[in-house]
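Me: I should be grateful for a close look at one kind of side-chain contact in this structure. Please take the individual pairs in turn and describe the setting of each.

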Amino acid sequence: KLTQEMDKVRMRLAMESKRMSAQLWLPAESEIERRIRYAEERFSKDGVNGLLTDRGRTYLKMGPPDEIESHPGVKESWRYRQGNRFLEFDGEGKLKK
């Protein structure tokens with residue numbers, strides 16, 4: 001079931017990437033593919049694909065952060081200079097609200 005869900009996510013992303021990149025708020029398709037690969041490799045844990053995690057979705061949408069402060073098992077903070085965004089994830093990688 002997870003494989004089918006990921007195939008649907010990939011297909012939807014591929015179909016929408018061209019439309020979205022035309023709107024100038026998402027990078028070119030090759031950049032999206034790179035982000036997908038990175039999120040799947042870096043953020044997958046306990047059988048959950050990295051794209052389905054808060055960090056994976058954030059990485060896919062915003063790209064690599066400019067700064068990362070990591071305290072494994074406690075928290076991880078990401079800073080994006082553009083837009084002056086600061087995001088904090090708990091020890092399990094969930095976005096803190």
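Reply: The model is predicted, and the account may begin with Glu92 and Lys94, whose side chains form a salt bridge with an N to O distance of 3.5 Å. Glu92 has a relative accessibility of 58% and is therefore classed as exposed, since that class takes values over 50%. Lys94, with a relative accessible area of 48%, is partly exposed.

Salt bridges also occur in a linked arrangement: Asp66, Glu67, Arg79 and Arg81 are joined into one network by salt bridges that share partners.

Two further pairs lie within helices. In the first pair, the side chains of Arg35 and Glu31 meet in a salt bridge at 3.1 Å, N to O. Both residues belong to helix H2, which covers residues 29–43, and because they stand 4 residues apart, about one helical turn separates them. Arg35 has 9% relative accessibility and so counts as buried, the limit for that class being under 20%. Glu31, at 22%, counts as partly exposed.

In the second pair, Arg57 and Asp54 form a salt bridge through their side chains, with 2.6 Å from N to O. These residues are found in helix H3 (residues 54–62), where they are 3 residues apart, about one turn of the helix. Arg57 is partly exposed at 43% relative accessibility, and Asp54 is likewise partly exposed, at 23%.

As for the structure as a whole, a search finds 10 salt bridges, including the pairs described above.

Terms used:
Residues numbered from 1 in each chain as written. Predicted model: local features only at pLDDT ≥ 70, side-chain atom pairs only at ≥ 80, totals over all residues. Heavy atoms only, no water. Salt bridge = Lys/Arg side-chain N within 4 Å of Asp/Glu carboxyl O. Helix = DSSP H or I, 4+ residues; strand = E, 2+ residues; numbered from the N terminus. Buried < 20%, exposed > 50% of the residue type's maximum accessible area, 1.4 Å probe, protein only.
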